[in-house]
Amino acid sequence: MLRVVISLLFAATNGADTTRVDVERLVQAVVIDSLFVRDTTRQVVVGDSTVIGGSHFVDEDYQSALRMLGTLPAGLQADFESVRGHGRAMGPLPLRRPVVSMSAEVRQRMRAIRNPAKYWAAFFDEFPGTPGRIEVSRVGLSPDGRSALVLVEYGCGGMCGGTLYLLVQRDGDRWRITRKAQPRIV
């Protein structure tokens, strides 16, 4: 089923009516599905808007990730940098499991729980069968549309979580993760 959805979206990315947002959502879905969806996953909790880069730690992690990723396709880094500071609503993602959007109100209510163990217990009570909380950035695209760069921040309980930067490349009609950099692990 997922391959059918991805194939349809890929076909759409070659059409004149396709928007950048369509391609971004496809790349975000491939990343989330590849890294976080397992047979035991009942639902996927994704932030309702994209992660926006801009703090000291984010910039420090980004520079470290660029060193780890090595040479990127021409124009990809510049495009990522042009979009990473601009958030947008996530919208629907074609994943193998149902997607639950974690709204600002839910985040605020959950952040009021100061004890990490109690926070994660409340989180998993509210969102059973999920691998944790996942947030992704806008997607940088190479000029030829064959490469993408995306940031993923995730939390999965206690001292489980981190930051990933991923190089995703289109191979025929499929997108796949080809390089990972994990500058921060909790």
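## A facing pair of glutamates

Let's start in the middle of things: glutamate 135 stands opposite glutamate 153 in β5. Before going on, keep in mind that this is a predicted model.

Glutamate 135 belongs to strand β3, which covers residues 133-136. Which residues of β3 are buried on its two faces? On one side they are Arg133 and Glu135, and on the other Ile134 and Val136, so both faces of the strand are covered, taking buried to mean under 20% relative accessible area.

## The neighbours of β3

β3 has partners that run in opposite senses. With β5 (residues 147-157) the pairing is antiparallel, and 4 bridges hold the two together. Besides the glutamate pair, arginine 133 has a bridge partner in β5, namely glycine 155.

The other partner is strand β1, residues 44-47, which pairs with β3 in the parallel sense over 2 bridges. Here valine 46 is the residue that stands opposite isoleucine 134 of β3.

## β5 and its hairpins

β5 turns up again and again in this part of the model. Most of the strand is covered, with 9 of its 11 residues buried. Apart from β3, strand β4 (residues 140-141) pairs with β5 too, antiparallel and over 2 bridges. In that pairing, glycine 140 is found opposite leucine 149 of β5. The two strands make a hairpin with 5 residues between them, and glycine 145 in the turn has a positive phi of about 75°.

On to β6, which spans residues 160-171. How many bridges join β5 and β6? There are 10, and the two strands pair in the antiparallel sense. One of the matched pairs is valine 152 with its bridge partner in β6, leucine 164. This is a hairpin as well, with 2 residues between the strands; glycine 158 sits in the turn and has a positive phi of about 50°.

## The disulfide

How many disulfides does the protein have? The count comes to 1. A disulfide is a covalent bond between the sulfur atoms of two cysteines. Here the bond joins cysteine 156 to cysteine 160, with 1.8 Å from S to S. The link between cysteine 156 and cysteine 160 is left-handed, at -80° about the S-S bond.

Is cysteine 160 buried or partly exposed? It counts as partly exposed because its relative accessibility is 33%, which falls between the 20% and 50% cut-offs.

## Helices and a loop

Helix α2 takes in residues 20-36, 17 in number. From first C-alpha to last, α2 reaches 24 Å, close to the 24 Å expected at 1.5 Å a residue. It is a mostly covered helix: 12 of its 17 residues are buried. Among them are Val23, Leu26, Val27, Val30, Val31 and Phe36, along with the likes of Glu24, Gln28 and Asp33. As a rule, an α-helix has 3.6 residues a turn, so residues three or four places apart point the same way.

Further along, alanine 121 has its place in helix α6, residues 116-126. Alanine 121 is partly exposed because its relative accessible area, 40%, lies between 20% and 50%. In sequence, alanine 121 and glycine 157 are 36 residues apart; in space, they are 8.3 Å apart, C-alpha to C-alpha.

Then there's arginine 84, which lies in the loop between α4 (76-83) and β2 (99-102). Why does arginine 84 count as buried? Its relative accessibility is 15%, and the cut-off is under 20%. The side chain of arginine 84 also makes a polar contact of 2.8 Å with the side chain of aspartate 59.

## Stepping back

Now for the whole protein. It has 6 helices and 7 strands. Reading from the N terminus, the order is α-α-β-α-α-β-α-α-β-β-β-β-β.

Of the 186 residues in the protein, 46% are buried. The accessible surface comes to about 9400 Å², and 54% of that belongs to carbon and sulfur atoms. As for contacts, take those with a separation of 6 or more: 67% of them are between residues 24 or more positions apart.

Technical notes:
Residues numbered from 1 in each chain as written. Predicted model: local features only at pLDDT ≥ 70, side-chain atom pairs only at ≥ 80, totals over all residues. Heavy atoms only, no water. Disulfide = S-S within 2.5 Å. Buried < 20%, exposed > 50% of the residue type's maximum accessible area, 1.4 Å probe, protein only. Expected span 1.5 Å × (residues − 1). Polar contact = N/O pair within 3.5 Å; in protein donor to acceptor, adjacent residues only side chain to side chain. Pairing = 2+ DSSP bridges. Contact = heavy atoms within 4.5 Å. Areas by Shrake-Rupley, 256 points an atom, 1.4 Å probe, with all protein chains shown as cover.
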